[in-house]
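Let's take a walk through the charged pairs of this protein. Have the model open and follow along.

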Amino acid sequence: MSITIDEHSGFCFGVTRAITAAESELQNGTLYCLGDIVHNGQEVARLELKGLTTIDYDDLRTLPPHSRVLLRAHGEPPSTYWIAQQRGIEIIDATCPVVKKLQDRIRNCYEQHKNDEAFPPQIVIYGKPGHAEVIGLQGQTNNTAVVIEHPEQMDCLDFTRPIYLFSQTTKSVEGFNTLVEAIKSQIINHKSQIALEVHDTICRNVSNRVAQLQEFARANDIVFFVGGIKSSNARVLYNHCKVANGNTFFVSNADNIEDLKFEIINHKSTNPDLKIGICGATSTPLWLMEKCKERIEHE
């Protein structure tokens, strides 16, 4: 039996940068993080043991002056910075540079067109409603941007007004292209002459993982996908693995391996050269995948 950890899995650049910043700043004393630093409970717990305290927006409004608050890779709306300034709070900004660039692009688009009274613009974000990154993106437009995750939700669009389309950085290229074609089709159906500006703002470091993960999944007999329960990215990537290899199982920690040991035993009984693969989401730490590997080795 062989056990392999996918070399392409694990934290993306933005998450690695945020966690490195947290570990560095913790050496200087009390540090708060606005929301889970990453959508992985195991990693959040590890950093909390080092002293990181996770807070919400209500907590932010009551922190004493000079408190230090880290902003995670997902980014924040302008209102968060305003609250911090009013409270005299020090911000450690770990927003992913890719997300930060997208925020700037959306804000610039909004500022450029917000006074177009003849043809009021619609800034549309292809993304998951309520997702931390999307909340930050909407904030760049004074919360006027429309968020759409599926073409079926296009009823909220006004096809007599220009549309400026952007995407949450971690969404799929395929889904984005499908939405673009659906919007174009509706423009034709409405016989509209409105402008449609399409901005593909998906992070390729994340989107390219789909093909890599599927190749990895096909190369193994059993796959354990390690991800956080709260992570939408984990669920999406897990489903792609499942399509490539039906013997793919979602686990959030090493203890879950115990519940799946019979899957390993059954496959091993008919295949002494069993290949087991371990992979994960952009929010999955390498150390957690290694713990899962150790647990399999001891089952």
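Asp58 sits out in the open: its relative accessibility is 54%, so it counts as exposed. In this predicted model, Asp58 has a salt-bridge partner in Arg61, with 3.9 Å between the closest N and O atoms. That distance still makes the cut because a salt bridge needs the nitrogen and the carboxyl oxygen within 4 Å. Arg61 itself is partly exposed, at 43% relative accessible area.

Now swing over to helix H5, which covers residues 97–113 and carries both Arg107 and Asp104. Those two are three residues apart, or about one turn of the helix, and they form a salt bridge whose closest N and O atoms are 2.6 Å apart. How exposed are the two partners? Arg107 is partly exposed at 30% relative accessible area, and Asp104 is partly exposed too, at 28%.

Next, find Arg68, whose side chain meets that of Glu25 in a salt bridge at 2.6 Å, N to O. This pair links distant parts of the chain: Arg68 belongs to strand E4 (residues 68–71) and Glu25 to helix H1 (residues 13–26), with the two 43 residues apart. Is Arg68 buried or exposed? Its relative accessible area is just 11%, so Arg68 is buried, given that buried means under 20%.

Pairs aren't the whole story, either. Glu23, Glu43 and Arg46 are joined in a network of salt bridges. Across the structure, the salt bridges number 13. The general idea behind them is simple: side chains of opposite charge can pair when their charged atoms come close.

Terms used
Residues are numbered from 1 along each chain as its sequence is written. This is a predicted model: local features need pLDDT of at least 70, side-chain atom pairs count only at pLDDT 80 or more; totals for chains, interfaces and linings use all residues. Side-chain values use heavy atoms; hydrogens and water are left out. Helices (H or I, at least four residues) and strands (E, at least two) are DSSP runs, numbered from the N terminus. Buried means under 20% relative accessible area, exposed over 50%, partly exposed in between (1.4 Å probe, protein chains only).
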